[in-house]
Amino acid sequence: MSTATAARAKAPGAPAKKRKMSWPVVLLLIAGTLVLFSAVGMATGNHSLTSSGQVTAALSAAVPIGMAGLGGLWSERAGVVNIGLEGMMVAGTFCGAWAGFLYNPWVGLLAGMLGGALGGLLHAVITVTFGVDHIVSGVGINLLIPGICAYVNRIYYKDYIADGAGANQSPPADPLPYITIPGLSSGLKSLENHHWFLVSDVAGVLGGLVTNISVVVPLAGALIVASYFLLWRTVFGLRLRSCGENPTAAESLGVNVYKYKYYAVVASGAFAGLGGAYLSLVAAHFYKDGQTLGRGFIGLAAMIFGNWMPGGLAMGAGLFGFTDSLQLRDPESVHVLILVVAIAMLLLAIWNAYRRKLTGAAITFVVSGGLFAWYFTTDQVERPLIVATPYVITLVVLSLASQRLRPPKADGQVYRKGQGK
């Protein structure tokens, strides 16, 4: 071995390059998860975690989280932190329900996006034009927009009590259509009901994707895919992302940084508004104060979990949507989920021990033992714990993912034209 080769191999001070999670690895993890769920279902006789109903409910819960996360991704890729997504979602719920009641739910979806986009425009004016701290602006929007919507709600809808409006909610809007693929849906349901190892679980998951899903669900998926191609495969996307990495360099190449930041933040608000409109037109068919329940912040967590990438964001939204939907299902399914997580943690402890990460293995093993004890000493999980599950999972996932994150370099920095370093 030459001296140059040895120097390259042992470059002092060079950080170890972290491996990216490739798609084969992701697919292998998904397959392993399905095997684990199937094995636990066979052992306990409870197959609800992979049932078509559970998957459909998880998809429904994932849409508003995913749209809020997509809004955060657009904004932060352009260098603007947007924690005002919660307020923009509230604007979407109010405007969507209002237009859905007065006209039709399709107009409601557009109105919800417009309401969120106006919130994004306000955030862009405050942060991009006036240079206010992004966090301060986001907090202000989260206080301002829900307050305005609650005030207008109590004044405007008091004349519609006979139409179904309450003290703090709007009259119901007409529902949007649902999609079920005939033949395929019933065939997969038949396979699911046999409870065959793995086969029925796969059929349940696929059945949930083609049975009784809102038309907004495939629309949301298409928006995530389109965002990837637009931001990573076009000149527009390259320029927008350069504003979040190094706006001074982008300016030197002739990019109008202000314009692209405005584009990104307004689009961010529109996506969050669509997630809010989904809550008031699909999930509930009316606007109600406090309807978002922190989903804007969970959407941000999903974006961070996905490392500011659309694919990872979709996985994070699916994870949080799955845990969020558990409160709508049988409490016994949450009890079974404890066993699934306990086994997963035990396998992780074994893997850490194999890789000689003894501290991590010991901690994971203790957590696994605690979960096993919880499962075998209880019959069900109390309702308050089920409701808190999405927020607990959010904290756990962010703490575990914090070591591999790579946000845009200029994210959150105040930019001023001509003030390059």
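Visitor: Leaving aside neighbours within four places in sequence, what is Q291 in contact with?
Guide: Q291 is in contact with T93, L279, S280, A284 and F286. Bear in mind that this is a predicted model.

Visitor: Where is Q291 found?
Guide: Q291 sits in the loop between α12 and α13.

Visitor: Buried or exposed?
Guide: Q291 counts as buried because its relative accessibility is 14%, and buried means under 20%.

Visitor: Back to L279. Which atom of L279 lies 3.4 Å from a polar atom of the Q291 side chain?
Guide: That is the backbone oxygen of L279.

Visitor: Where else does L279 turn up?
Guide: In the lining of the second largest pocket. L279 is one of the residues closest to the centre of that pocket, along with S60, A283, R295 and L328. The lining has 32 residues, and the space inside is about 670 Å³.

Visitor: Which element gives the most to that pocket's lining?
Guide: α3 does, with five residues. Elements that each supply at least two include α12 (257-283), α13 (295-305) and β2 (213-214).

Visitor: How does the lining of the second largest pocket divide by class?
Guide: There are 18 nonpolar residues, ten polar and four charged.

Visitor: New topic. In the largest nonpolar core, which residues touch the most other members?
Guide: W74 and V216, out of 60 residues in that core. α12 gives the most to this core, with twelve residues.

Visitor: What is W74 in contact with, leaving aside neighbours within four places in sequence?
Guide: The list is S227, L230, L231, F236, L240, A264, A267 and F271. Apart from the core of W74 lies another one, of 18 residues, with F37, L326, V340 and L371 among them.

Visitor: How many cavities of 30 Å³ or more does the structure hold?
Guide: Two. The largest has about 60 Å³ of space, and the second largest has a volume of about 40 Å³.

Visitor: What lines the largest cavity?
Guide: V80, T127, V128, H134, K261, Q413, V414, Y415 and R416. By class, four are nonpolar, three polar and two charged.

Visitor: And which residues line the second largest cavity?
Guide: Among them are F37 and V340, which also belong to the core of 18 residues. Others include N46, H47, D201 and V336. α2 (23-44) and α15 (331-354) are the elements that give two or more residues to this lining, and α2 gives the most, with three.

Technical notes:
Residues are numbered from 1 along each chain as its sequence is written. This is a predicted model: local features need pLDDT of at least 70, side-chain atom pairs count only at pLDDT 80 or more; totals for chains, interfaces and linings use all residues. Side-chain values use heavy atoms; hydrogens and water are left out. On a 1 Å grid over the protein atoms alone, a cavity is a set of points where a 1.4 Å probe fits but cannot get out, and a pocket is an open set with protein on both sides within 12 Å along at least five of seven lines; lining residues have an atom within 4 Å of a point. Grid points are joined across faces, edges and corners, and a volume is the space filled by probe spheres set on the points. Helices (H or I, at least four residues) and strands (E, at least two) are DSSP runs, numbered from the N terminus. Ala, Val, Leu, Ile, Met, Phe, Trp, Tyr, Cys and Pro count as nonpolar, Asp, Glu, Lys and Arg as charged, and the others, Gly among them, as polar. Buried means under 20% relative accessible area, exposed over 50%, partly exposed in between (1.4 Å probe, protein chains only). A polar contact is a pair of N or O atoms within 3.5 Å; within protein, one must be able to donate a hydrogen and the other to accept it, and residues adjacent in sequence count only if both atoms are side-chain atoms. Contact means heavy atoms within 4.5 Å. A nonpolar core is a set of buried Ala, Val, Leu, Ile, Met, Phe, Trp, Tyr and Cys residues joined through side-chain atoms within 4.5 Å.
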